[in-house]
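Visitor: Please show me the model. I have a few questions about it.

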Amino acid sequence: MTINQIQDEIINEMSEIDDWMDRYGYIIDLGNQLPPIDEKYKTPQHLIEGCQSRVWINAEKNDEGKIIFTADSDAIIVKGIISMLIQVLSNQTPDDILNADLYFIDKIGLSEHLSPTRSNGLLAMVKQMRAYAQAFKANN
């Protein structure tokens, strides 16, 4: 699936949930379903700067040239948010990740329901994922 198809799927799923407390519950459920990151990546090098909570992200390039992200967080909402980002950006090419317009964040109303520090953390997570994509593209 393309990045936009995945984003549209998330938007459709979230549009069926009217109440924001229920949406937070859905986001938390996504975080609980996130496969665990290997403990060896829970290091300062993988820790995201600018996040209120602790978030670790790792990226690897598979044989098809696509990037596979793994992540974890010590905050349940943040873990759900990174789970959505992984759903959208993982298994995509570096170019697709770098050129992606992540419109789902605004369309589902997430940006307006996050505290300023969580919004900054979200931007830091996206920035790091794009930095990984840029590094893999440069090493091609």
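**One residue, then the whole chain**

Guide: This is a predicted model. I67 is buried, with a relative accessible area of 0%.

Visitor: Which element holds I67?
Guide: The elements run α-α-β-β-α-α-α-α from the N terminus. I67 belongs to residues 67-73, and that element is strand 2.

Visitor: Is I67 buried or exposed?
Guide: Buried means under 20% relative accessible area. The value for I67 is 0%, so I67 is buried.

Visitor: How many Å separate I67 and P94, C-alpha to C-alpha?
Guide: Setting aside neighbours within four places in sequence, the contacts of I67 include L89, I97, Y132, F136 and P94. In sequence, I67 and P94 are 27 residues apart. In space, their C-alpha atoms are separated by 6.8 Å.

Visitor: Among contacts between residues at least 6 apart in sequence, what percentage joins residues at least 24 apart?
Guide: The pair I67 and P94 is 27 residues apart in sequence, and I67 is in contact with P94. For the chain, the share of such contacts joining residues at least 24 apart is 63%.

Visitor: Why is the chain described as being as compact as a globular protein of that length?
Guide: The chain has 6 helices and 2 strands. For 140 residues the globule rule gives 14 Å, and the chain is close to that, so it is as compact as a globular protein of that length: its radius of gyration is 14 Å.

Visitor: How far apart are the centres of the positive and negative side chains?
Guide: The chain carries 12 positive and 21 negative side chains. The centres of these two sets are separated by 7 Å.

Terms used:
Residues numbered from 1 in each chain as written. Predicted model: local features only at pLDDT ≥ 70, side-chain atom pairs only at ≥ 80, totals over all residues. Heavy atoms only, no water. Helix = DSSP H or I, 4+ residues; strand = E, 2+ residues; numbered from the N terminus. Rg over C-alpha atoms; globule rule 2.2 N^0.38 Å. Contact = heavy atoms within 4.5 Å. Lys, Arg positive; Asp, Glu negative; His and termini not counted. Charge placed at Lys NZ, Arg CZ, Asp CG, Glu CD. Buried < 20%, exposed > 50% of the residue type's maximum accessible area, 1.4 Å probe, protein only.
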